[in-house]
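I sat down with this one to look up its packing, its enclosed gaps and its cysteines. My notes follow, in the order I went.

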Amino acid sequence: MAHQHSLNVISSLEGQQVFITGASGFLGKAIVEKILREVPKIGRIYLLIRGSKRQSAQQRAMEGVFGSSLFDVLRSEYGEGFEPFISEKVQVVEGELTQPMFGLDSPTFAGIASQLNLIINSAASVNFREAMDQALEINTLCLNNIVALANYKSAPQSVTPVVQVSTCYVNGLNQGVMREEVAAPASGLIEAIDHDTYAIDTVIAKLQQKIESIRTRFSSKVKQDQKLIELGIAQSRHYGWNDTYTFTKWMGEQLLIQGLGKNNLTLLRPSIIESTISSPVPGWVEGVKVADALIYAYAKGRVSIFPGDDNGLLDVIPVDLVANAALLSGAELLTKSEGYRIYQCCSGSSNPIRLKQFIEYMQQASLEQYQSLPKLFAGKPNETFKTVSPKKFRLYMRALTTYTWVKTSVSRLLGSKSADKQLLKAQTTASLAMIFGFYTAAKYRFDSAKLEQLSAQFNQEEQRKFEILASSFTWKNYLQDIHLPGLHKYALAHKKSLVKNQAPAQEKKQAA
């Protein structure tokens, strides 16, 4: 079957001009690194990066993106030639995603837009409790600028195709198997235009009215922000999503499908993105991701129960697999751009893991490795970690907070610090649970059949080089031997050891 391997990442991308947003983010960095390492003959990559009072966009890119440990492999490959290679291949564009034309002047915008062959938009606000106005701006409305950039060349055959990084969780409060198609709002409250598009303009207008009314009613910035966060949660739930992030990302998908006339578009939906499995190094991660909130809380002994469903699937996917999926999607768009496609990059269908199993692997590894991970564990973790139903959890928290408050007030009078610790523990648990509870009590399974079919259209060597399948690894090995040590080595690189009086020499020995 000759037609099977009809696509090729490297030859599709060679010589092309690619515009990438969100490069200072976790996934964005991984995409940029992968392109530069695997397709050194790429024409040019334009990175849209914000400058600040303190730093130009160029400085931010050199420090925050190319200075990252993720680029160590490339850096050692090129040696002295690393920076010249970067400056030859990468052009930093100082701009603001949410401003019309990214805040660039017309000639600059036109100059870039007329060169482009592909746009990869990976910028997003991933704060689940983002204020409604912010989330709407960053995850939905600024996609009008992406549409303007793509449509700039005006001739229909020269529209620049777009890979939009969305999220599997745009499926909102629906339940069951979620396929790679447009998600219908669980509430049924958003009017359908046709089978795959919805009247988001009216929803956006209503939200903007509500935002304005909050700004008029409350003069204090603090109060405004608090009300806008509450508005975000209330409106998201009303329309059928768990939080502001997933709701505004869903509207963003709609805006692009409609703005690009259902052509030249791939919506790439990852699930919960975690540390690399292998490329360029195993275990590279930045910051605290959804699943790590569980691990950190457990490691710090701040949480012993967590709302979740033991049998629910925790859909986690390594970041390098998502970066690979973005490159496969891009290569496909460069070859055939008619219509639009949706791909889900996730583990739920090819290698599912239940929350209970995830926690067991973590606890087991924690007990075996806590001494070699002194930045994560101050000592041997002493509590078991139980999941309870969200309803039970709410009752427990109510009881605990009341009890702790009474205990704290009494102890404060007697000058005790331990009660404050109790309270901190209660507050940490409650806030983590509120934010992440939805993701750990998953009522659905994401399907990735179409992404798997896409991968099969590339030759064997490229399928290996740009692996997208979660079935390519085992959870025990990934979580225990790659992810936990990776958290310690990369995410906590700047932190001090938590173990009291531990000699640096001993720490070095253990790290080795």
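**Cavities.** Before I list any volumes, I note what I count: a cavity is a set of grid points where a 1.4 Å probe fits but cannot get out. The volume is the space filled by probe spheres set on those points. I also keep in mind that this is a predicted model.

I looked for cavities of 30 Å³ or more and found two. I took the second largest to begin with, and it holds about 50 Å³ of space. Its lining runs through Ala-30, Glu-33, Lys-34, Arg-37, Leu-70, Thr-276, Ser-279, Pro-280, Val-319, Asp-320 and Ala-323. Helix H2 (26-38) and H13 are the elements that give two or more residues to this lining. H2 has the largest share, with four residues. I sorted the lining by class and got five nonpolar, two polar and four charged residues.

Then I went to the largest cavity, with a volume of about 70 Å³. Around it I listed Leu-294, Ile-295, Tyr-298, Phe-358, Ile-359, Met-362, Gln-363 and Phe-385. Helix H12 (290-299) and helix H14 (355-369) each supply at least two of the lining residues. H14 gives the most, four residues. By class I have seven nonpolar, one polar and no charged residues here.

**Cores.** Next I asked which residues touch the most other members of the largest nonpolar core. The core has 104 residues, and the answer is Leu-36 and Phe-66. Helix H13 (residues 319-335) brings the largest share of this core, 10 residues. I also noted a second, separate core of 51 residues, with Tyr-198, Ile-200, Ile-204 and Phe-218 among its members. As background, nonpolar side chains tend to be buried together in soluble globular proteins.

I pulled the contacts of Leu-36, leaving out residues up to four places away in sequence. The list is Ile-42, Ile-45, Phe-66, Phe-71, Leu-74, Phe-85, Ile-86, Lys-89 and Val-90.

**Phe-71.** Since Phe-71 turned up in that list, I gave Phe-71 an entry. Phe-71 sits in the loop between helix H3 (57-65) and helix H4 (72-78). Is Phe-71 buried or exposed? Phe-71 is buried, because its relative accessible area is 0%, and the cut-off for buried is under 20%. Setting aside neighbours within four places in sequence, I find Phe-71 in contact with Lys-29, Val-32, Glu-33, Leu-36, Val-65, Phe-66 and Phe-82. I checked the separation from Val-32 too: 39 residues in sequence, and 9.7 Å in space from C-alpha to C-alpha.

**Cysteines.** How many disulfides does the structure hold? I count zero. I wanted to know why Cys-168 is not bonded, so I looked up its closest cysteine sulfur. That sulfur is in Cys-346, 4.5 Å away, which is too far for a bond. The cut-off I use for a disulfide is within 2.5 Å. From the other side, the sulfur of Cys-346 has Cys-168 as its closest cysteine sulfur, again at 4.5 Å and too far.

I looked at burial for both cysteines. Cys-168 is buried, with a relative accessible area of 0%, and Cys-346 counts as buried at 2% relative accessibility.

Terms used:
Residues numbered from 1 in each chain as written. Predicted model: local features only at pLDDT ≥ 70, side-chain atom pairs only at ≥ 80, totals over all residues. Heavy atoms only, no water. Core = buried A, V, L, I, M, F, W, Y, C linked by side-chain atoms within 4.5 Å. Buried < 20%, exposed > 50% of the residue type's maximum accessible area, 1.4 Å probe, protein only. Contact = heavy atoms within 4.5 Å. 1 Å grid on protein atoms, 1.4 Å probe; cavity = no way out; pocket = protein on both sides within 12 Å on 5 of 7 lines; lining within 4 Å. Nonpolar A, V, L, I, M, F, W, Y, C, P; charged D, E, K, R; others polar.
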